[in-house]
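Trainee: I would like a close look at one part of this model, the sheet and whatever packs against it. Please take it strand by strand and then move outward.

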Amino acid sequence: MDIIIREDYEQMSRYAAEIIAGYVRSKPNCVLGLATGSTPIGTYKELIRMHQEGLDFSQVKTFNLDEYLGVGMDLTKPYDMDQSYARFMYEELLKHINIKKDNIFIPDGHTKEPKEFCIRYEEEIKKAGGIDLQLLGLGGDGHWGFNEPGSSLASRTRVQALTEQTLDDNYEAFYKKANIDRSQMPFFAITMGVGTILDARNVLMIVNGAKKADVVAKCLEGPITSQITASAIQLHRGDITVALDEAAASRLINAAHYKHVEKMRRQHGL
Ligand code: GLP
């Protein structure tokens with residue numbers, strides 16, 4: 001696991017975007033797993049900038065981690081009324097790059113058959129050849145996607161009920177700004193499972209801010225537990241990169257060691 005600590009959010013975002021761009025350059029038809037939330041916005045901005053300088057997404061496929069159930073991109077609603085992750089992805093990244101519409105996969109929050117949809121989503125990932133790099137954030141309660149505490153670490157794409165903490169966090173970050181009442185927030189979501197995420201060949205997790213420092217330490221240095229579903233990162237078999245800003249890394253016991261490892265690797269070209 002490469003734990004990379006950068007001074008601030010901008011530098012962390014640039015680092016993460018560079019890793020993603022590396023996959024796109026070395027495998028133009030790569031399959032990327034994408035995430036939502038406030039954390040990846042800086043990374044997406046950087047990718048858009050790289051695209052304007054020539055980074056080509058024309059053969060890239062993307063699969064999003066999750067979507068609220070009961071919402072989905074609704075073009076009849078003004079942007080600030082539509083809090084779907086689909087809309088978020090279009091606004092923050094997808095409409096700014098040359099990705100083909102048919103190559104974009106986001107769970108359908110409007111589906112009337114969620115169970116069947118989840119099975120099909122897993123099949124689509126398989127059909128695409130699996131995910132080369134999964135981008136991940138970290139929820140305040142330690143979740144990946146919407147895999148709330150108690151989710152099996154072998155879980156697959158499914159419907160998941162959200163915790164009060166997740167509802168509070170996402171209310172603050174998104175719904176409040178849109179003047180949507182907390183009671184109107186969707187309580188269920190479709191999410192890739194922890195097992196689905198562990199199947200991605202490589203993972204890149206990004207976390208910033210002092211508010212997440214405790215949960216980052218639990219996730220990376222604590223026991224692997226279904227109470228912090230992102231702690232399953234410790235089980236991953238591929239290339240694992242965790243990019244943090246100093247604030248998010250501030251409770252890590254071994255932060256100095258991680259920094260030293262990065263320095264040595266750079267010095268030795270490893
Ligand atoms: C949501 C998403 C997660 C994301 C998390 C953190 O719950 N489902 O995939 O990692 O929020 O969000 P933020 O980056 O806004 O802190």
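Mentor: What follows goes through the sheet, then the helices and core around it, and ends with the aromatic pairs.

The model is a predicted one. Its open sheet has 7 strands, in the order β1-β10-β9-β6-β2-β3-β5, and the pairing is parallel. The edges are taken by β1 (2-6) and β5 (104-105); each has a single partner strand, so one side of each lacks a neighbour in the sheet.

Take β9 (202-207) as the starting point. Of its 6 residues, 6 are buried, so the rest of the structure largely encloses β9. Cover is found on both faces: Asn-202, Leu-204 and Ile-206 are buried on one side, and Val-203, Met-205 and Val-207 are buried on the other. β9 runs parallel to β10, joined to it by 5 bridges, and Leu-204 has Thr-241 of β10 as its bridge partner. β9 also runs parallel to β6, with 4 bridges between them. Here Leu-135 is the bridge partner of Leu-204 in β9, and Leu-136 stands opposite Met-205.

Strand β6 (residues 133-136) pairs in turn with β2 (residues 31-34), in the parallel sense and over 2 bridges. Leu-32 is opposite Leu-133 of β6, while Gly-33 has Gln-134 as its bridge partner. Like β9, β6 is covered on both faces: Leu-133 and Leu-135 are buried on one side, Gln-134 and Leu-136 on the other.

Next come the helices. Helix α1 has 18 residues, and its first and last C-alpha atoms are 26 Å apart, close to the 26 Å expected at 1.5 Å a residue. Its buried residues are Tyr-9, Met-12, Ser-13, Ala-16, Ala-17, Ile-19, Ile-20, Ala-21 and Val-24. An α-helix has 3.6 residues a turn, so residues three or four places apart point the same way. The buried residues of α1 pack against the strands β1, β2, β6, β9 and β10 (240-245), and also against helix α2 (41-52).

Helix α7 (residues 213-221) has Ala-213, Val-215, Val-216, Ala-217, Cys-219 and Leu-220 buried. The elements that cover these residues include β1, β9, β10 and α8 (246-249).

The largest nonpolar core has 88 residues, and those with the most contacts inside it are Leu-47, Leu-94, Trp-144, Met-205, Leu-220, Leu-244 and Leu-252. Helix α1 (residues 9-26) gives the most to this core, with 8 residues. Three names on that contact list can be placed from what has been said: Met-205 is in β9, Leu-220 is in α7, and Leu-252 is described by its contacts. Leaving out residues up to four places away in sequence, Leu-252 touches Ile-3, Val-216, Ala-217, Leu-220, Glu-221, Leu-244 and Tyr-258.

Ile-3 also serves to place a residue from helix α9 (residues 255-268), namely His-257. The C-alpha atoms of His-257 and Ile-3 are separated by 9.6 Å, although the two are 254 residues apart along the chain. His-257 has 46% relative accessibility, so it counts as partly exposed.

That leaves the aromatic residues. The structure holds 9 aromatic pairs. In one of them, the ring centres of Tyr-68 and Tyr-175 are 5.8 Å apart with the planes at 85 degrees, so the pair is edge-to-face. Tyr-68 is in strand β4 (residues 66-68) and Tyr-175 in helix α5 (residues 164-175), so distant parts of the chain, 107 residues apart, are linked by this pair. Tyr-68 and Tyr-175 are both buried.

A second pair is made by Phe-88 and Phe-174, with centres 5.9 Å apart and planes at 85 degrees, so it too is edge-to-face. Phe-88 belongs to helix α3 (residues 85-92) and Phe-174 to helix α5, so the pair ties together parts 86 residues apart in sequence. Phe-88 counts as buried because its relative accessibility is 6%, and Phe-174 counts as buried at 18%. The ring of Phe-174 also has the charged end of Lys-177 over it, 5.9 Å from the ring centre. Elsewhere, Phe-63, Phe-105, Phe-117 and Tyr-121 make up one aromatic cluster.

Definitions and conventions
Residues numbered from 1 in each chain as written. Predicted model: local features only at pLDDT ≥ 70, side-chain atom pairs only at ≥ 80, totals over all residues. Heavy atoms only, no water. Phe/Tyr/Trp six-rings, centres within 6.5 Å; stacked < 30°, edge-to-face > 60°. Buried < 20%, exposed > 50% of the residue type's maximum accessible area, 1.4 Å probe, protein only. Lys NZ or Arg CZ within 6 Å of the ring centre and 35° of its normal. Pairing = 2+ DSSP bridges. Core = buried A, V, L, I, M, F, W, Y, C linked by side-chain atoms within 4.5 Å. Contact = heavy atoms within 4.5 Å. Expected span 1.5 Å × (residues − 1).
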